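Student: I would like to go through this model and ask why each label is used. Can we take the residues and helices one at a time?

Tutor: Yes, here it is.

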Amino acid sequence: GVAVPGAVMAEMVTPWQALCNSLHNVTPANAADLEKEIVASLPKLEPRQATELVVKSHAADPLRNASLLDELTRALVVPIPRFRSSDLTRLAEAFCSWTLSISSAGDDNRVRLSEAVKNYFNGLYAEVSLRLMDMALGDLARVAQVFATVGVGGTKLFASIARASGARMDRFTPGELVTLVTAFEKEGCFQTALYEGLARCLKANVRDVTPKDILRAMVSLASCGIRDEGLALAIGDHLPKTAIAGGAFTMEESVTLAWTFCVLDLHHDELFRAVFAKMEDSPLQESQTLCQLYEIHLTLSKFHGTSYKDYELDDETVQSLRTHYRKNYVKVKPARSSERLHADIADALQQVVDASVATAYSTSLGPMVDIAAVASKSRRSSSSSMPVVAIDIDGPHSLIRSMDPLENSAVAGPATRVRGEVGFRRRLLQKCGMTMVVFSEDKWRGLDGSR
């Protein structure tokens, strides 16, 4: 062959390629000039080239700033319809990750978006809504994650995604389904058919799914209380010797998996034994995982005491875990309107019971209840008294919204179900002998003056 001189090769490199190549050597000194060049070049590029340029810009630390992000989203919001769905998905992920790296969450735990970024994602939402049935399933799952993260689209979009995914459920790979379902969890909604489809898919492919995806899936299933005994059996038969004892899971991940079994009222003795055996060589450090371990202990001791005796935690460890739990466990904080309603109910209860009434009450076992009437005079969370009666009020802090069309058409307003971990802790307290009353905020508000 004929050798091509270096000078000729240099002439063959297009301006776009040269710009992309320069992004490998960005420094604070040349970052400002490169930013101007990037913004100026965008209108001249084909969608595929623009996508690649944005992704490479995001990968360059000196360029990852709010100013350039705003410039890029302003330049690309109008031509959104020209981009292929696969390119839009890559752009969405890049802009989402970019935003997370420079922003902090607001009071509602949603990421704060600048006006330019918000306009881009709103434009993306409008375009994606038209393409849902035509998008590749992997792209559909990934873009759902983005929208849940940035808080654009809301339940209207996820209802549409649920319909689009339901029509093609059997064509998702396990990893795609896990990504999609975790997006629904993040958005605070669920669809029963989607979650049950995930459980079936995992059950049939448990040996081919990565342990990390199995854990992500179980956390999502636990969040809305979708239980599958066949899936629990498949996981319990497979993971103790591979992911838990074999090291694919960290100690914290092993405990979280066992905790999801407890939340879903599932049991596999071999799995729990493997987790407790692993703890002998791998002590726990994370605060949340220590709280989960305490709840696992309560579950096993109250519901599976006979088998648990062989590997039960000693009394000193249990006491230490209980102390840690009561100091560090934080129940999801209700909105201010819900807190006011809880106070109203507590005032009404105080008028009819000869007991001290407290809100956000920490029981002697650890888990909190919304309102408690306590025979002792102590209203503090450190009280060791068992409430005469405990009240939990279902509201946005304890409910997850359903995207099931049949449920939504059968009731006035959106259908909901109790979050899995909320129902789990109520089940624990009742098993320990506590009398609990549960009703909804809407029911209380619907009562007349004779409450």
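Student: Why is Arg168 called buried or exposed, whichever applies?

Tutor: First, a note: this is a predicted model. Arg168 has a relative accessible area of 7%. Buried means under 20%, so Arg168 is buried.

Student: Where is Arg168 found, and which residues is Arg168 in contact with?

Tutor: Arg168 is found in the loop between helix 9 (154-166) and helix 10 (174-187). Leaving aside neighbours within four places in sequence, Arg168 is in contact with Leu132, Met133, Met135, Leu137 and Leu140.

Student: How far apart are Arg168 and Ser364 in sequence and in space?

Tutor: They are 196 residues apart in sequence. C-alpha to C-alpha, Arg168 and Ser364 are 49 Å apart.

Student: What makes helix 8 largely enclosed by the rest of the structure?

Tutor: Count the buried residues. In helix 8, 13 of the 14 residues are buried, so the helix is largely enclosed.

Student: How do you know what span is expected for helix 8?

Tutor: Helix 8 covers residues 137-150, which is 14 residues. The expected span is 1.5 Å times one less than the number of residues. That gives the expected 20 Å, and helix 8 reaches 20 Å from its first C-alpha to its last, close to expectation.

Student: Which residue follows helix 8, and what is the sign of its phi?

Tutor: Gly151 follows helix 8. Its phi is positive, near 75°.

Student: Why are helix 15 and helix 16 described as roughly parallel or roughly antiparallel?

Tutor: Take the angle. Helix 15 (residues 251-263) and helix 16 (residues 269-279) pack at about 150°, with their axes 10 Å apart. Angles over 145 degrees count as roughly antiparallel, so helix 15 is roughly antiparallel to helix 16. Their crossing is left-handed.

Student: Which residues meet there, and how do they divide by class?

Tutor: Helix 15 brings Met251, Ser254, Val255, Leu257, Ala258, Phe261 and Cys262. Helix 16 brings Leu271, Phe272, Val275, Lys278 and Met279. The contact divides into 10 nonpolar, 1 polar and 1 charged.

Student: What makes helix 4 roughly parallel or roughly antiparallel to helix 6?

Tutor: The angle again. Helix 4 (residues 47-59) and helix 6 (residues 85-102) pack at about 25°, with axes 10 Å apart. Angles under 35 degrees count as roughly parallel, so helix 4 is roughly parallel to helix 6. This crossing is left-handed. By class, the contact of helix 4 with helix 6 has 7 nonpolar, 4 polar and 4 charged residues.

Student: Why is Gly247 called partly exposed?

Tutor: Its relative accessible area is 46%. Partly exposed lies between the 20% and 50% cut-offs, so Gly247 is partly exposed. The residue sits in the loop between helix 14 (240-244) and helix 15. Not counting residues up to four places away in sequence, Gly247 touches Thr242 and Lys278.

Student: What stands out about the phi of Asp265?

Tutor: Phi of Asp265 is near 55°, a positive value in a residue other than glycine. Most residues other than glycine have a negative phi. Asp265 is found in the loop between helix 15 and helix 16. At 41% relative accessibility, Asp265 counts as partly exposed.

Student: Where is Ala360, and what is the sign of its phi?

Tutor: Ala360 is in strand 2 (residues 356-362). Its phi is positive, about 50°, although Ala360 is not a glycine. With a relative accessible area of 46%, Ala360 is partly exposed.

Conventions:
Residues numbered from 1 in each chain as written. Predicted model: local features only at pLDDT ≥ 70, side-chain atom pairs only at ≥ 80, totals over all residues. Heavy atoms only, no water. Helix = DSSP H or I, 4+ residues; strand = E, 2+ residues; numbered from the N terminus. Buried < 20%, exposed > 50% of the residue type's maximum accessible area, 1.4 Å probe, protein only. Axes fitted to C-alpha atoms, helices over the stretch in contact; angles between N-to-C directions. Parallel < 35°, antiparallel > 145°, perpendicular 65-115°, else oblique. Left-handed = near helix turned anticlockwise from the far one by under 90°. Contact = heavy atoms within 4.5 Å. Nonpolar A, V, L, I, M, F, W, Y, C, P; charged D, E, K, R; others polar.
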